[in-house]
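Me: I have a structure open and would like to learn how to read its helices, its packing and its odd backbone angles. Could you walk me through it?

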Amino acid sequence: MKTFGYAAMEAGSDLVPWSFERRAPRANDVVMEILYCGICHSDLHMARNDWGFAQFPLVPDHEIVDRVIEVGSEVTKFKVGDNGAVGCMVDNYCQTCKHCLNGEEQFCCEGNTNTYSSPDRIDGSMTRGGYFKHIVVREEFFCTLFEGLDLARVAPILCAGITTWTPLRRWNVGPGSRVGVIGMGGLGHMAAKLALGLGAHVTMISRSPAKRETAMEIGVDDFLVSTDETAMKAAANSLDLIIDTVPIQHDMDGYVPLLDIDGTLVILGQVGAMGDISTMPLVFGRRRVVGSLIGGMRETQEVIDFCVQKGILPKCRMIRPDEINDAFATLEKSDIPYRFVMDMAALQAPEVA
Ligand SMILES: [Zn+2]
Ligand SMILES: [Zn+2]
């Protein structure tokens, strides 16, 4: 199927209109027309090849809301006309290893197929993401969206939502939990909303006092300015879990003492060297610093359902597909406490000569 949208033709270049042939659907595939896609900070990292494994031409995006237009002969869960959503994975190799059986396909022993810039497990073609008109996905990697949802605001749940949900569940956040969130971008604001939805006491931690108002709008209980030494000292030992969403390398030493004994700081955003981290507050407080990677398909459906049940939706700013490069430029400059979401109804088909 010939399809069209936006791609980065080489590392660091602007995204430009492009078209290519999507692979033909197989018996267990669903073919979809894309309605909305959220713009994740990792799209920007990948378009610049910051992590060294991007394949060009690159079509980013793994926060996709779509409508089924065709199903393979063995598909049982979906029919033409259904709405659904695709997140960070579109397939994986085995679904029989201990991680797949445990519902954590993101750690599959055989490797998984990411929504973009991964080789397809059967024909080796490169996967390409959602800045496009159509996508083909294996049935098990397509999530159900229930009636009545505001489809335009669902997309960010598929990466920002699940990435922050997994550690909240892993570390049993619920009523009485004291959760800190570092960084108030797409991930950070979602982490705060989900933790509040679970009944936790939430502290937003930011370098900038100017972000207090936005944090309070989200509904957090406390706001802590990380450059205020007195306030940071006063907040020592006050948190059970810290979700660190900052997408670039940064110093974490100042945050670890905020954890109580047995507290955990979870790194979600930064990939690369941790730099100098003092072991003193780890040893003396039996504190942990850990990483976490997206989430499995069961938990992805779970967080969508939780958002429906609690009426939690990400803050979104809608843009047209031809505004994508401006959105990237804004994302690069600073955290924005919302997600850019592309309305794909405005995507122009290429002119046929
Ligand atoms: Zn993402
Ligand atoms: Zn597996």
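Reply: Happily, and let's keep in mind that this is a predicted model. A good place to begin is the buried residues of α8, which are M297, T300, V303, I304 and C307. Those residues cover an arc of only 125° around the axis, which puts them on the same side of α8.

Me: Which residues of α8 are exposed on the other side?

Reply: R298 and Q309 are exposed there. The buried residues, in turn, pack against β5 (83-86), β9 (142-144) and α3 (160-170).

Me: How far apart are the end C-alpha atoms of α8, and what span should its residues give?

Reply: Counting 1.5 Å a residue, the 14 residues of α8 (residues 297-310) should span 20 Å, and the end C-alpha atoms are 20 Å apart, which agrees. Just after α8, G311 takes a positive phi of about 65°.

Me: How should I describe two helices that pack together?

Reply: Two packed helices are described by the angle between their axes and the distance between the axes. Here, α3 and α8 pack at an angle of about 95°, with axes 9 Å apart. That makes α3 roughly perpendicular to α8. On the α3 side the contact is made by G161, I162, W165, T166 and R169, and on the α8 side by E299, T300, V303 and C307. Notice that T300, V303 and C307 are also among the buried residues of α8.

Me: Is α4 largely enclosed or open to the outside?

Reply: Burial counts tell us: eleven of the twelve residues of α4 are buried, so α4 is largely enclosed by the rest of the structure. Among those buried residues are H189, M190, K193 and L194. You can run the span check here too: the twelve residues of α4 (residues 186-197) should span 16 Å at 1.5 Å a residue, and the end C-alpha atoms are 17 Å apart, which agrees. α4 is followed by G199, whose phi is positive, near 95°.

Me: Which residues other than glycine have a positive phi?

Reply: Two to look at are Q95, with phi near 55°, and D262, with phi near 70°. Q95 sits in the loop between β6 (89-92) and α2 (98-101), whereas D262 lies in strand β14 (residues 259-267). As for surroundings, Q95 counts as partly exposed, with 15 C-beta neighbours inside 10 Å, while D262 is exposed, with 10 other C-beta atoms within 10 Å.

Me: Where is there a cis peptide bond?

Reply: Omega is the angle to read, and the bond from F56 to P57 is cis, with omega near -5°. P57 is in the loop between α1 (41-47) and β4 (64-71).

Me: What does S177 touch, leaving out residues up to four places away in sequence?

Reply: S177 touches A200, D240 and L241. This residue is in the loop between α3 and β10 (178-182), and is partly exposed, with 18 other C-beta atoms within 10 Å.

Me: How do I judge the whole chain?

Reply: Start with the inventory: the protein chain has nine helices and 17 strands. Next, compare radii of gyration: with 353 residues, a compact globule would have one near 20 Å, and the protein chain has 20 Å, which agrees. The C-alpha trace spans about 65 × 40 × 40 Å along its principal axes. Buried residues make up 44% of the 353 residues. Finally, of the contacts between residues at least 6 apart in sequence, 68% join residues at least 24 apart.

How values were computed:
Residues numbered from 1 in each chain as written. Chains lettered and ligands numbered in written order. Predicted model: local features only at pLDDT ≥ 70, side-chain atom pairs only at ≥ 80, totals over all residues. Helix = DSSP H or I, 4+ residues; strand = E, 2+ residues; numbered from the N terminus. Expected span 1.5 Å × (residues − 1). Buried ≥ 20, exposed ≤ 12 C-beta atoms within 10 Å, placed from the backbone. Arc of directions from axis to C-beta. Contact = placed C-beta atoms within 7 Å. Rg over C-alpha atoms; globule rule 2.2 N^0.38 Å. Axes fitted to C-alpha atoms, helices over the stretch in contact; angles between N-to-C directions. Parallel < 35°, antiparallel > 145°, perpendicular 65-115°, else oblique.
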